[in-house]
Every structure is written in C-alpha cells, then in structure tokens.
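Reader: I should be grateful for a close look at a single part of this structure, the site named in the record. Please set it out in one connected account, and then go on to the elements beyond it.

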Amino acid sequence: MQRIQIKACAKINLSLDVLRRLENRYHEVEMVMQQILLHDDVAVRWFAGEHGQNAQKEKVEIELSTNRPYLPRDERNLAYKAAMVMTDRYGGGRSGKIRIDIKKRIPVAAGLAGGSSNGAAVIHALNYLWQLGLGVKELCEVGSELGSDVPFSIMGQAKENTELGLAGDPLATHCAVARGTGTDLEPVIGLKSHLVLTKPPMGVSTAEVYQGLEIGKIERHPNTRELVTALAKKNYKIIQKNMINVLENFTLTRYPNVMYTKNKVERLFDEEAVLMSGSGPTIFALCRNRSEAQRACEELKTYNKETFWTRTTY
Ligand code: ATP
C-alpha cells in the first residue's frame, strides 16, 4: 500500500469581475484568486490488486470517507469524481483500490472552493502514487473536467505541497488571474497577509447568484491590471482599492444574514480591507498581523461559529 496526504487549501477572491454572459450559461470572468492556508487534509491510499489468475482484470475500486457525514461519498463528491476521471484516463491496466479520507476544515458551500480543492488533491495524489509524471498544465487539463475552480487549486497545491515535486513547475503558484470561464490562468505574485474569515450559517448557490446578476447595472469594477501591479509592489492601499467583487451586491441584498455579517466585520476593520469571497457567503478581512486576526476571530465567533483566522500561502 502506498499513501500520500495532501494539504487541500482553500482560496479567496481578491477581486471578481463578470465581463459578459456567454451563450452556454457560463460567464466570462476576470478575477484574482489567492490560495490561503486554511485547508482540508486529503489522504489517498493505493492498494495495488493481486496479480495472477485470481486477480480481477483492470478494475479500480474507489472508497471515500469524510468527517462531514452530510457530504456525499459517491460520484457526487468531487474527490470521488476526480478519482473516476483519473481512472478513466490513466487507470488502464491497473487493478486495485483507491481509498480517500478527507478531514474537512474548509466550510462547505462557502465561496472558498472547498470541494474543488478536494478534487484537485486526488488528481495530484494519483499522479504521484501511479508515478504518471504529469506536469501542472496536464493536471489542470484533467481538473477542468471537474469544475472551473479545480485548475487553480491544482496550481496552488503544486506550490504548497512540495513533496509532490512540482513546486518548480512554471504553473505552480499561490496566486493567479483567472480569465475566460475561470480556467484560463496566469500565475502572478500573490498577497502576503493574515486574514480572518467568517461564514454565516447558510450556503449560497453559485448558479443563483450568477443568474441573478444584472451585468449592465454593475457600479464598480476592479482594475485587474492595477491590482496585479500593486500585488507585485506590495502596495496594500492600491490592493485594497481594487478588492471588489461584483457578485457581492446581489448576495448581500438577497441574504440579509450576509449583509449583517459584512457590517459586523467592517466595524472591526477598514471598510476597503473587507470583501465577500466568490459568490459568498464567506466574508474575509485582511489583517495587519496574527494577533489582530486572532482577536477579530474571537469576536466574530460569537456571531458565526464558522469563523477562522489564517493567512495566505506564499
Ligand atoms: P466554489 O467557491 O468553488 O463555488 P464552494 O466553496 O462555494 O465552492 P463547496 O464547498 O465546494 O462550495 O461545496 C459546494 C457543493 O459541492 C456542496 O453542496 C457539496 O455538497 C458539494 N461537494 C461535493 N464534493 C465536496 C467536497 N469534497 N467537499 C465539499 N463539498 C463538496
């Protein structure tokens, strides 16, 4: 039996812009995605099957367990689906069992790409355990079959999980600009910051938010170019000026709970340092140091149980 454990990190959106609606119900976006240290532990074991006459030919079994009993453990789980896609593509000639154990910490349906990070981890794990030797570009291509946030998770995990041997790959990065439907990724210099994240006790449907968005009525768009330059120069003032998420207005108006949470966080920080991630409902704030993040976390925990202090990966 061989085993690897991967840090499946969450992401936040430092900016999120929607440029237009495409014909296939997708949207053209432009956003800056940043990996953070808050992570699930995804352990993957490969039990190679017996050889010889009794062996079942070319059959790969998949088994999944998680500490969140309400999550599906079959192909509806992105980690399980990732194992299926990898088996379809690269499992030919193998027989045995893939066992996936997920210790979740990332809140579910939170705008933090928790499920996508689990799918990405399984893709990395099987590339490693089966010694496929695929680079980040090829792994991202597999990941895009699972969902639009998966390729970024693959790039981030390649950088953070150095034991995978891919940290030097040109596409391994903690931060990227995502364009197109979100899978066209350009690595950029990321943000070094402590953070507090807080999620109201509810989930938000990404599809509903995108459908409800009136693109013509968006008042403020982030300037991605300016944000990327500011990240490289570590100019926090300009970074914060461009921390804009065009989905925020819809979610805040539709869900008063999220508005309430954002107001609470804004009372503790400079308004420009506070933003909703993805389609929500998680709200995060950039903090000056660890103790500021810890203090804010204590305070916000009294409103939302799912509140964390963490930092970006860099
Ligand atoms: P994104 O930011 O990519 O939109 P999210 O953080 O909003 O993602 P997830 O935590 O990925 O949302 O969960 C969205 C849905 O995916 C949930 O309803 C959940 O049932 C399903 N799901 C499938 N696999 C997983 C997984 N491994 N972990 C969490 N959720 C999963």
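Author: An unreviewed UniProt entry places the feature "active site" at Lys11 and Asp149; positions from UniProt are in the numbering used here, with feature names shortened, and annotations may be inferred rather than shown by experiment. These positions span 139 residues in sequence, yet no two of their C-alpha atoms are more than 9.2 Å apart, so they gather at one spot. The model is predicted: local features need pLDDT of at least 70 and side-chain atom pairs count only at pLDDT 80 or more, while totals for chains, interfaces and linings use all residues. Residues are numbered from 1 along each chain as its sequence is written.

Lys11 is found in strand β1, residues 2–21; helices (H or I, at least four residues) and strands (E, at least two) are DSSP runs, numbered from the N terminus. Asp149 is among the closest of the 17 residues around the ligand, together with Ala113, Gly114, Gly115 and Asn118. A residue belongs to such surroundings if its C-beta atom, placed from the backbone, lies within 6 Å of the molecule. Two elements, α1 (78–90) and α2 (114–129), give two or more residues each to this shell, and α2 supplies the largest share, four residues. By character, the shell divides into eight nonpolar, eight polar and one charged residue. Here Ala, Val, Leu, Ile, Met, Phe, Trp, Tyr, Cys and Pro count as nonpolar, Asp, Glu, Lys and Arg as charged, and the others, Gly among them, as polar.

The helices α1 and α2 also pack against each other, at an angle of about 35 degrees and with axes 7 Å apart. Axes are lines fitted to C-alpha atoms, for helices over the stretch in contact, and angles run from 0 to 180 degrees between N-to-C directions. On the α1 side the contact includes Leu78, Ala82 and Met86, and on the α2 side Gly115, Asn118 and Val122 are among the participants; two residues are in contact if their C-beta atoms, placed from the backbone, lie within 7 Å. Gly115 and Asn118 thus appear in this contact and also among the closest residues to the ligand. Nine nonpolar, four polar and one charged residue make up the contact.

Ahead of α2, the loop between β4 (96–103) and α2 holds Ala109. This residue has a positive phi of about 50 degrees although it is not a glycine. Most residues other than glycine have a negative phi, and most peptide bonds are trans. A cis peptide bond joins Gly280 to Pro281, with omega near 5 degrees, and Pro281 is placed in the loop between β8 and β9.

Those two strands belong to an open sheet of four, in the order β8-β9-β7-β10 with antiparallel pairing; strands pair if DSSP finds at least two bridges between them. Its edge strands are β8 (274–276) and β10 (306–311), each pairing on one side only. Five bridges join β7 (194–199) to β9 (283–287), and Leu197 stands opposite Phe284 in β9. Helix α10, residues 290–301, lies across β7, β9 and β10 and runs at about 10 degrees to β7.
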